[in-house]
Amino acid sequence: MPTLTRLGLPGNEQAWAALGFTSTHGEIRIGHVTCTLGEPGWGFDETHADPAQLGVPYLTSDTGRAPGNPGGMHAAGNNRAATRADQPSPHANGVTIVDHVVYWVPDLDRAATDLTAVLGIPPRRRFFPRGPDGPEMAFYRVGEPFIEAVSYGGPPALLGVAFLTPDLDAAVAAIRAAGGPIGDPKPAVQGGRIASVWRGHVNWGIAFMEPKPRN
């Protein structure tokens, strides 16, 4: 299974510190993902087709962006997120992993074809999670997180991220104590609870999620 190892996030260290994250030299470690601050983008431990066709900047640990890979497997061999044995610093917000990344696409059929080619796997699920009046989505598991591909008609782009924390109330309290603009927790469509950051904070979608209790 391909693994998301790098994720580009907009904003600077101060903006993410206000959300309860600890960063080092412009990077935030979250589970097995190394997040780099600057612009949205992503990188995987392997690809099976040219990732440029996805329309999203492709990140590597050394250059920040990889050239296109026209066919064949591309392995991010020295990606520190995949190989470092050291544990990430704890975050005040209690976040443990990246839950999902929101990938907006003009056409879901084309996007699913391209994602399947690049990742070498089909979507785990494809449906209308908000009902027939909502957008159709396709979900790809890439290690700890999911890619949530959403059809909306505009150019392809990464539009947001959701982080998982075991205690959402504590996360919201920590973020507010750090000066971050976050709303109150509410039920999430996929179960559990969710709290969203004011979109103008870094002009991007950011949410914190708490999983639904197991029976």
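User: In this predicted model, is proline 213 buried or exposed?

Analyst: Proline 213 is found in the segment after strand 14, which spans 205-210. Its relative accessible area is 71%, and the term exposed applies over 50%. Because of that value, proline 213 is classed as exposed.

User: What distance separates the C-alpha atoms of proline 213 and glycine 191?

Analyst: Proline 213 and glycine 191 are 22 residues apart along the chain. In the model, the separation between their C-alpha atoms is 8.9 Å.

User: Is histidine 100 buried or exposed?

Analyst: Histidine 100 has its place in strand 7, which covers residues 97-105. The residue is in contact with Pro145, Phe146, Glu148, Val161, Ala162, Gln190 and Met209, leaving aside its neighbours within four places in sequence. Its relative accessible area is 8%, and the limit for the buried class is under 20%, so histidine 100 counts as buried.

User: Which residue shares a side-chain polar contact with histidine 100?

Analyst: The polar contact joins two side chains and has a length of 2.7 Å. The partner of histidine 100 in this contact is aspartate 99.

User: Which helix gives the largest share of the largest nonpolar core?

Analyst: The largest nonpolar core has 48 residues, and those with the most contacts inside it are Trp16, Trp42, Tyr103, Phe163 and Phe208. Its largest share amounts to 6 residues, and these come from residues 108-119, that is, from helix 3.

User: How many residues does the other core have, the one with Ala162 and Met209 among them?

Analyst: This core lies apart from the largest one, and Ala188 and Ile194 are also among its residues. The number of residues in it is 7.

Technical notes
Residues numbered from 1 in each chain as written. Predicted model: local features only at pLDDT ≥ 70, side-chain atom pairs only at ≥ 80, totals over all residues. Heavy atoms only, no water. Helix = DSSP H or I, 4+ residues; strand = E, 2+ residues; numbered from the N terminus. Buried < 20%, exposed > 50% of the residue type's maximum accessible area, 1.4 Å probe, protein only. Polar contact = N/O pair within 3.5 Å; in protein donor to acceptor, adjacent residues only side chain to side chain. Contact = heavy atoms within 4.5 Å. Core = buried A, V, L, I, M, F, W, Y, C linked by side-chain atoms within 4.5 Å.
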